[in-house]
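Student: I should like to understand how the terms applied to a protein model are justified. May we go through them one at a time?

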Amino acid sequence: MTKNDGRTDAPTAAAPPRDMKIFQLPTGTYETPAALAFQGGRFRDRRHFAATAVLVQHPRGDVLIDAGFGAHAQEHIRMLPRFRRSPHTLGATASEQMDTAGYDRGRLLGVLLTHSHWDHVSGLDSLDVPILVPREELAYAERSRGDRVFQRVAAEHERRVYGFDGPAHRGFDASHDLHGDGSVVIVPAPGHTTGSVVVFVTLGPDRRFAFIGDLAWQLDGITCGAQRPLLMRMLADSDPAQIRRDLDRVSALAQHMRIVPAHDTRGYGDIPLLVPGPGADEAP
Ligand SMILES: [Zn+2]
């Protein structure tokens, strides 16, 4: 454990309410050769990238971390440059899964985006709730030419812009504490896009998560320190050096919490699905 700056690994005090819960809402997958997903991956090893929203329930209001694929995902795929399209499997949208589970939409404060790329925002097309986003990411999304899906799906949504008004958190320079109790803390990680964030969710001392968005596409980015392949870093990332720094920060936390890259189905592990009835109530 390093104590050099007093913030690298010291768990920040969090006082999450006992009735906080978390669920995964997988909305589909898309296929990518491992060779394009992380350095050292093989072409023949194909990875199914997850497009999963995560529902974090809290007495002061719930949030969805990202929105997954939406009802118009096929149309959104057609909006992308041809080289970015890949075979997709579409499942039920986050909106459909919430309805099937009998979820009360009135609890939902909004969708908290890790970043604004299409595969994280497509599901906003069927969610009539605010978008929680930092100013830097709104600017990024509005400048984007190759991926205009955010501009399409977010046009009618209220945007709740937040700033990083809180102290350094787990090695990151600043933070925003969503509920004021340390249970959902957002930090800036501006490498993949200029306004990308990492979301730390703490349900209890032994149940901590870091939702790192596309800081790494697969868990190999954490377990083996594997970056994206050079070509993909150049194509996909705003600041590859920043990604490297943030990957190191997150890897140092892996012993304290579950690290969840947005697109690795393995990362969601034991996070329960949102299902109807008592199953959802009993879930952690
Ligand atoms: Zn992505």
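Tutor: The discussion below takes up the metal site, the salt bridges, the enclosed spaces and the backbone.

Tutor: This is a predicted model, in which local features need pLDDT of at least 70, side-chain atom pairs count only at pLDDT 80 or more, and totals for chains, interfaces and linings use all residues. Residues are numbered from 1 along each chain as its sequence is written, and side-chain values use heavy atoms, with hydrogens and water left out.

Student: What makes Asp119, His120, Asp214 and His263 donors of the zinc ion?

Tutor: A donor is an N, O or S atom within 2.8 Å of the metal (3.2 Å for Na, K and Ca). The OD atoms of Asp119 and Asp214 and the NE2 atoms of His120 and His263 lie 2.1 to 2.5 Å from the zinc ion, so they qualify. Along the chain, these donors follow the spacing D-H-x93-D-x48-H. Water is not among the atoms, so a site may look incomplete.

Student: Why is the site of the zinc ion called irregular?

Tutor: Four donors count as tetrahedral if all angles lie between 85 and 135 degrees; four count as square planar and six as octahedral if opposite donors are over 155 degrees apart and all others between 65 and 115; anything else is irregular. The angles among the four donor atoms here run from 80 to 160°, so the tetrahedral range is not kept, and the site is classed as irregular. For reference, the ideal angle for four tetrahedral donors is 109.5 degrees.

Student: How do you know that Arg249 and Asp173 form a salt bridge?

Tutor: The term requires a side-chain nitrogen of Lys or Arg within 4 Å of a carboxyl oxygen of Asp or Glu. For Arg249 and Asp173 the N to O distance is 3.9 Å, so the pair meets the rule. The two residues are 76 apart and link distant parts of the chain: Arg249 belongs to helix α9 (residues 240–251), and Asp173 to the loop between β7 (159–162) and β8 (176–177). Helices (H or I, at least four residues) and strands (E, at least two) are DSSP runs, numbered from the N terminus. By the salt-bridge rule the count comes to 11.

Student: What is the relation between Asp246 and Arg249 in helix α9?

Tutor: Their closest N and O atoms are 2.7 Å apart, which makes the pair a salt bridge. Asp246 and Arg249 are three residues apart in helix α9 and are therefore separated by about one helical turn. Asp264 and Arg266 also form a salt bridge, with closest N and O atoms 2.6 Å apart. Asp173, Asp246 and Arg249 are joined into one network by salt bridges that share partners.

Student: Why is Asp246 called buried, and Asp173 exposed?

Tutor: Buried means under 20% relative accessible area, exposed over 50%, and partly exposed in between (1.4 Å probe, protein chains only). Asp246 has 0% and is therefore buried. Asp173, with 52%, is exposed, whereas Arg249, with 23%, is partly exposed. Asp264, at 1%, is buried, and its partner Arg266, at 44%, is partly exposed.

Student: What makes a space a cavity, and what makes it a pocket?

Tutor: On a 1 Å grid over the protein atoms alone, a cavity is a set of points where a 1.4 Å probe fits but cannot get out; a pocket is an open set with protein on both sides within 12 Å along at least five of seven lines. Four cavities of 30 Å³ or more are present, the largest having a volume of about 60 Å³. The largest pocket holds about 680 Å³ of space. Of the 31 residues that line this pocket, the closest to its centre are Phe83, Arg84, Trp217, Met232 and Ala236. A lining residue has an atom within 4 Å of a point.

Student: Where is Asp66, and what is its phi?

Tutor: Asp66 is in the loop between β3 (62–65) and α2 (73–78). Its phi is near 65°, a positive value in a residue other than glycine. Asp66 has 4% relative accessibility and so counts as buried, and it is among the residues lining the largest cavity.

Definitions and conventions. Grid points are joined across faces, edges and corners, and a volume is the space filled by probe spheres set on the points.
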